[in-house]
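Me: Please walk me through this model one question at a time, with each answer ending on what was asked.

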Amino acid sequence: MSAKKVPLYNVINGEDENIYFEGRPNKTAFVINSCREDFPKFAADVFFKLILCPLVFERVMYTLPTTTNIFLMVVWFLYLIPTLKMLRIPLLKMAEYKNTYYIVTNKAIYIQFGIDQIYYRIYPNDRIGTRVFYRQNRIDNIFGVGTLGFSVDDYYEERLVSVEDYESLYNVLKDVTNSKRDELERIQAEREAKKREFEEQAKLIAQEQLFLQQQEEEEEKKRRERHERETR
């Protein structure tokens, strides 16, 4: 803990925490995964706007007036702007990568992220749920990384993306979730035991009340019989 590697170290709550895992995502997989969904559209745009359109324009430009060529070039550039904006996605992801860091300790999971500013998510072990998983897409398989996820309060999922040593981290998170599952099972067992105890007590009370009621009815019957004999 003495070597301050990243700002995330400054937000760890206890100096006695044992670090089980720490590190950044794999940079290449982290960046490429951010472009994976838009890549087919980007490739088609590049082929059509940057290759096919210039080839067609080159064939006809000499047959058109200069003003028409200038107009077409302006239109082509405006048409190209959305494609150029798509180049910002990997650039922003590279900036985000610099501020992304994960630390898993025996007490909590810490996630650092952000682009212009650094933000933190801190999940104490008592907030970590009972589900944990890891997934790999084709890009992950190529670079030998995986995306891990765990449930928070059994309500939503948090993810650690493009992790190289994902199997070891999966085992660490699984131990945490297993502990949470054991705790929940213990609490549930205690609740069921208390429920059974309450039901047994309620049953005994009902039996006792029934017995007392029967005794009162017997005594009342005897009093009526005695009263009838005295009045004869």
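**Sheets, pockets and confidence**

Me: Which residue in S6 does Val132 stand opposite?
Reply: This is a predicted model, in which local features need pLDDT (the predictor's confidence in each residue, from 0 to 100) of at least 70 and side-chain atom pairs count only at pLDDT 80 or more, whereas totals for chains, interfaces and linings use all residues. Residues are numbered from 1 along each chain as its sequence is written, and side-chain values use heavy atoms, with hydrogens and water left out. Five bridges join S5 to strand S6 (residues 146–152) in an antiparallel arrangement, and the residue of S6 that stands opposite Val132 is Phe150.

Me: Which strands are the edges of the sheet that has the order S5-S6-S7?
Reply: Three strands make up this open sheet, with antiparallel pairing, where strands count as paired if DSSP finds at least two bridges between them. Each edge strand pairs on one side only, and the two edges are strand S5 (128–135) and S7.

Me: By what angle are neighbouring strands of that sheet turned against each other on average?
Reply: The angle is taken between axes, which are lines fitted to C-alpha atoms, and runs from 0 to 180 degrees between N-to-C directions. With direction ignored, the average turn between neighbouring strands of this sheet is 20°.

Me: How many strands does the protein chain contain in total?
Reply: Helices (H or I, at least four residues) and strands (E, at least two) are DSSP runs that are numbered from the N terminus. Read from that end, the elements follow the order β-α-α-α-α-β-β-β-β-α-β-β-α. Beside six helices, the number of strands is seven.

Me: How are the strands ordered in the sheet that has four of them?
Reply: This second open sheet is also described by antiparallel pairing, with strand S1 (19–23) and strand S4 (119–124) at its edges, each paired on one side only. Neighbouring strands are turned by 10° on average, direction ignored. Across the sheet, the order is S1-S2-S3-S4.

Me: Which residue in S2 stands opposite Gly23?
Reply: S1 pairs with strand S2 (residues 101–105) over four bridges, in the antiparallel sense. Within S2, the residue opposite Gly23 is Tyr102.

Me: How many residues lie between S3 and S4 in their hairpin?
Reply: S2 and S3, joined by four bridges, form a hairpin with two residues between them, and Tyr101 has Gln112 in S3 as its bridge partner. S3 then pairs with S4 over six bridges, again antiparallel, and here Ile109 has Tyr123 in S4 as its partner. In the hairpin of S3 and S4, Gly114 in the turn has a positive phi of about 130°, and the number of intervening residues is five.

Me: How many residues of S3 are buried?
Reply: Buried means under 20% relative accessible area, exposed over 50% and partly exposed in between, with a 1.4 Å probe and protein chains only. Of the 232 residues of the chain, 28% count as buried. S3 is largely enclosed by the rest of the structure, because among its six residues the number buried is five.

Me: Is Ser162 buried or exposed?
Reply: Most residues other than glycine have a negative phi. Ser162, which lies in strand S7, has a positive phi near 50°. Its relative accessible area is 2%, so Ser162 is buried.

Me: Which residues lie nearest the centre of the largest pocket?
Reply: A pocket is an open set of points on a 1 Å grid over the protein atoms alone, where a 1.4 Å probe fits, with protein on both sides within 12 Å along at least five of seven lines, and lining residues have an atom within 4 Å of a point. The largest pocket holds about 450 Å³, a volume being the space filled by probe spheres set on the points, which are joined across faces, edges and corners. Helix H1 (27–35), helix H4 (88–98), S3 and strand S7 (156–163) each supply at least two lining residues. Among the 21 residues of the lining, those nearest the centre are Phe30, Lys93, Thr147, Arg159 and Val161.

Me: How many nonpolar residues line the second largest pocket?
Reply: Ala, Val, Leu, Ile, Met, Phe, Trp, Tyr, Cys and Pro count as nonpolar, Asp, Glu, Lys and Arg as charged, and the others, Gly among them, as polar. The largest pocket has six nonpolar, six polar and nine charged lining residues. The second largest, of about 230 Å³, has a lining to which H2 and helix H3 (66–86) each supply at least two residues, with Cys53 and Trp76 among them. That lining has no polar and no charged residues, and its count of nonpolar residues is eight.

Me: Which element has the lowest mean pLDDT?
Reply: The mean pLDDT of the chain is 80, and 85% of its residues reach 70 or more. Among the elements, strand S3 (residues 108–113) has the highest mean, 92, whereas the lowest, 73 over residues 39–60, belongs to helix H2.
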